[in-house]
Amino acid sequence: MTSMNKMKAVVLHSPQDAVVEIVEKPDAGDDDVIVRVGACGLCGTDLKIFSGEYLSPYPLIPGHELAGTIVSVGSHVDSTLIGQRVAVDPTLACGHCEFCQDAQFNHCESWGAIGDTVNGGFAEFTRVPIANVYRIKDDMPFNLAALVEPVSCAVWALERMRIRPGSIALIFGAGPMGLILMKLLENAGVMRATVVDTSVERLTVARNHGAHDVLQSDTVSHLQDLAPKGFDLVVDATGNPNVLSIALPWVRKAGQLLLFGVSPQGAMAMVEPYLIYHNEITILSSMAINHSYGRALNIVETRSNDFRSLITHELPLSDYVKAIGMVKEGKGIKLQLTMDTLG
Ligand SMILES: [Zn+2]
Ligand SMILES: [Zn+2]
């Protein structure tokens, strides 16, 4: 660790301009804790923040998928929590706008997130409101606890869907979110998940994680053999706007289509409204986390073996830019930066 009031952090001074440098340690406000970060994951949102396509202010210390240990607390926080290992829900909602008052915290008019709109977890220490920390067991590794954040986004997505036991699902995208959604859908009673992706490597991983069938994107016509009447649940976990028009015809009559992947803002897609009308297709989406974090922690804790193997790369903080490049190229599944490897 560096000297008393200093710490090492990734600072994004402006889009594309990331420097690992020594900065001031954060101070806890009255209702905050300071967390010494153990592990912090990267995802597609980090790519957008790195390239300036997100609502982030700069300079920013990114990192929103984090877990660590409480090392100090604000004046309103129970000091016996010092030393407690925690996972962090990054959601920052005001609590008093029209949407917060309606329990739609992910639509808060002042919505923000630790690591997205305020300094986050790609640092030795970060400031977190006490309301955002969840205690984890002493034997839960930080890398597994850092995976709770993406799982909590998928848990919220499942809460929005109506899942009937015995149904079949089709998932576009075998990245971390596609695979997490697949596992949760199977836990929720889906009998058979088919996964489509462009990458043979990722499809192999999907198969190893329990996908019943895997298909490369250029062979989607074979879906006809797998589900002649279509799939009860179809999920886009790619964020590619073209997937909507490809996916829609594979939704079974009275089925549901979930848009989970984040398309570029302003991108358009062509769909056939008649198909949606005639087949009574429900189109759903889900955005981030809405008080789904605690239940996601339950899932990851209880089914740790299902989730641990999704973490394919753990890199030191100093490899942030390299890790961003790997996410962009679709290398591995879940990449995380770990702080205990700091010199
Ligand atoms: Zn994320
Ligand atoms: Zn609000």
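A salt bridge is counted where a side-chain nitrogen of Lys or Arg lies within 4 Å of a carboxyl oxygen of Asp or Glu. In the predicted model described here, Glu149 does not meet this condition: the residue is buried yet has no salt bridge, and the nearest side chain of opposite charge, that of Lys334, is 6.4 Å away. Glu149 belongs to helix α4, and, when residues up to four places away in sequence are left aside, its contacts are with His64, Glu65, Pro90, Ile289 and Tyr293.

The protein chain as a whole contains 12 helices and 17 strands. Its radius of gyration is 20 Å, close to the 20 Å that the globule rule gives for 343 residues, and the chain is therefore as compact as a globular protein of that length. Taken along the principal axes, the box filled by the C-alpha atoms of the chain is roughly 65 × 40 × 40 Å. Of the 343 residues, 51% count as buried. When contacts between residues at least 6 apart in sequence are considered, 69% of them join residues that are at least 24 apart.

In soluble globular proteins, nonpolar side chains tend to be buried together. In the present model the largest nonpolar core comprises 50 residues, of which Leu181, Leu185, Val235 and Phe307 touch the most other members. Several elements each supply at least two residues of this core, among them the helices α3 (142–146), α4 (148–160), α5 (176–187), α6 (200–208) and α10 (293–302), together with the strands β10 (168–172), β11 (192–197) and β13 (231–236). The core also draws at least three residues from each of two domains, namely domain 1 (6–147 + 310–338) and domain 2 (153–285). The surroundings of Val235 can be listed in detail: with residues up to four places away in sequence not counted, Val235 touches Met161, Leu170, Ile171, Phe172, Leu181, Leu185, Leu258 and Phe260. Apart from the largest core lies another core, of 31 residues, including Leu42, Phe50, Leu81 and Ile324.

In contrast to the unpaired Glu149, other charged side chains do pair, and the structure holds six salt bridges. In one of them the side chains of Glu24 and Lys6 meet at 2.8 Å, N to O. Because Glu24 lies in strand β2 (residues 17–24) and Lys6 in strand β1 (residues 6–14), this pair ties together parts that are 18 residues apart in sequence. Glu24 is exposed, with a relative accessible area of 52%, whereas Lys6, at 32% relative accessibility, counts as partly exposed.

Two further salt bridges involve helix α10. The side chains of Lys137 and Glu301 meet at 3.9 Å, N to O. Since Lys137 is placed in the loop between β9 (133–135) and α3, while Glu301 is in helix α10, the pair ties together parts that are 164 residues apart in sequence. Glu301 counts as partly exposed, at 26% relative accessibility. The side chains of Arg295 and Glu159 form another salt bridge, at 2.8 Å, N to O. Here Arg295 lies in helix α10 and Glu159 in helix α4, so the pair ties together parts that are 136 residues apart in sequence. Both partners are partly exposed, Arg295 at 36% relative accessibility and Glu159 with a relative accessible area of 40%. Helix α4 thus holds Glu159, which is paired with Arg295, as well as Glu149, which is buried and has no salt bridge.

Conventions. Residues are numbered from 1 along each chain as its sequence is written. Chains are lettered from A and ligands numbered from 1 in the order in which they are written. This is a predicted model: local features need pLDDT of at least 70, side-chain atom pairs count only at pLDDT 80 or more; totals for chains, interfaces and linings use all residues. Side-chain values use heavy atoms; hydrogens and water are left out. A nonpolar core is a set of buried Ala, Val, Leu, Ile, Met, Phe, Trp, Tyr and Cys residues joined through side-chain atoms within 4.5 Å. Buried means under 20% relative accessible area, exposed over 50%, partly exposed in between (1.4 Å probe, protein chains only). Helices (H or I, at least four residues) and strands (E, at least two) are DSSP runs, numbered from the N terminus. Domain bounds come from an automatic or database domain assignment. Contact means heavy atoms within 4.5 Å. Lys and Arg count as positive and Asp and Glu as negative; His and the chain ends are not counted. The radius of gyration is taken over C-alpha atoms; the globule rule is 2.2 Å times the number of residues to the power 0.38.
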